[in-house]
Amino acid sequence: MLKHLSILDQSAAVEGISHAEVIQNTVDLAVHAEELGYRRFWVSEHHSHPSIVGTAPEILMAAISQKTTQIRIGSAGVMLPHYSALKVAEQFRVLESLAPGRIDLGVGRAPGSDMKTAQILNPQSQSAAHFPQQVQELDLWLRNETFPSGHLAKGVQAFPLGDTFPDLWILGSSAYGAQLAAYLGLPYVFAHFITDGEGAKQAIDLYRHQFKPSARLQEPQIIVCLWALAAEDEKDAFYHFRSRARWKIDRQKGVLGSMKNPHQAGQWQSEQDEAQFVKMCHQGFVGSADTVIHKMQDLANDLGVEEIAVITWAFDFEVRKKSYALLLKELSLKNTVLKASLPT
């Protein structure tokens, strides 16, 4: 049963809007999410990406922490192979001091960039191969646990210390992340928006089957992250979805850039593009709030998850805010009706 909705914001570039305004909109959206009652607000990490300008989730999280008081704040995620695990632990221990008990650290193995940019970020070409070891070291530093005898990091601590520590999540879109999260006893996020759901059930079933309880987690914990857009009616939703759909179609052709306004985006370059748009509208999580939440509930029931994180791109910031408001209101309504129908 779908119980909780969260948000992942990627700070997507929009034509005619400065990157500074895009970043500020992310902070403003976090405040809006807390006011609505969302469970978490996560931000992403991409580098040298013309379409996504959120490059430093730890800095965005610090800004958000000072504008909010209750919502959990997280990264989805920090691309760990680019960095020292100690430095990431220190950054997130600082964040934990700013927002105790509210910090989620989602880490991933993917570069979040092209390979040239990844090499510049970390010239060690095999850095991703050390991801499992990095995660284990990061976890020990976050929890201020002792390293084994003989380990280079023994005696090295990640300050500042405190009574709480960040939750650590593994992000993935394949069996690799699912197996690692299960082996380490960590919560797992499946990136449905990357694969359009392909492989989701297999990865989540694998995670559950192989999960080993840990000091952090006794039972599997899963979030599915997907792309969605809701409006007052289907026609309005499909209109605003043009911006995201055009971006996705252009990306398939090797073209990356800022989101276009819906009118311009809907000037399709071919009948094939328009047909693909229509298919995306009906197969995706796009439409009225009732339609979108119903699809989300079906997915949650199929995968056995209770929480979904939603990504929404739209040319108009107010359209995004409205979509998030409609979705949470509709889920609350449906769950209230469901509870009322259950025998007491």
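For a chain of 344 residues, a compact globule would be expected to have a radius of gyration near 20 Å, and because the protein chain in this predicted model has 20 Å, the value agrees with that expectation. Along its principal axes, the C-alpha trace of the protein chain spans about 65 × 60 × 40 Å, and the chain contains 13 helices and nine strands.

We can next consider how the residues are distributed between inside and surface. Of the 344 residues of the protein chain, 52% count as buried, while the area that the chain exposes comes to about 16000 Å², with carbon and sulfur atoms supplying 52% of that area. As for charge, the protein chain carries 32 positive and 37 negative charges, and the mean positions of these two groups are 2 Å apart.

The contacts show how the chain is folded back on itself in sequence terms: when contacts between residues at least 6 apart in sequence are considered, 73% of them join residues at least 24 apart.

A single residue, Leu-328, gives an example that can be followed in the structure. Leu-328 lies in helix H13, which covers residues 317-341, and Leu-328 counts as buried because its relative accessible area is 14%, where the cut-off for buried is under 20%. Leaving aside residues up to four places away in sequence, Leu-328 touches Leu-5, Leu-36, Gly-37 and Tyr-38. With one of these, Leu-36, the separation can be stated in two ways, since Leu-328 and Leu-36 are 292 residues apart in sequence and yet 7.5 Å apart in space, taken from C-alpha to C-alpha.

Technical notes:
Residues are numbered from 1 along each chain as its sequence is written. This is a predicted model: local features need pLDDT of at least 70, side-chain atom pairs count only at pLDDT 80 or more; totals for chains, interfaces and linings use all residues. Side-chain values use heavy atoms; hydrogens and water are left out. Helices (H or I, at least four residues) and strands (E, at least two) are DSSP runs, numbered from the N terminus. The radius of gyration is taken over C-alpha atoms; the globule rule is 2.2 Å times the number of residues to the power 0.38. Buried means under 20% relative accessible area, exposed over 50%, partly exposed in between (1.4 Å probe, protein chains only). Contact means heavy atoms within 4.5 Å. Accessible areas come from the Shrake-Rupley method with a 1.4 Å probe; for residues, only the protein chains shown count as cover. Lys and Arg count as positive and Asp and Glu as negative; His and the chain ends are not counted. The place of a charge is taken as NZ of Lys, CZ of Arg, CG of Asp or CD of Glu.
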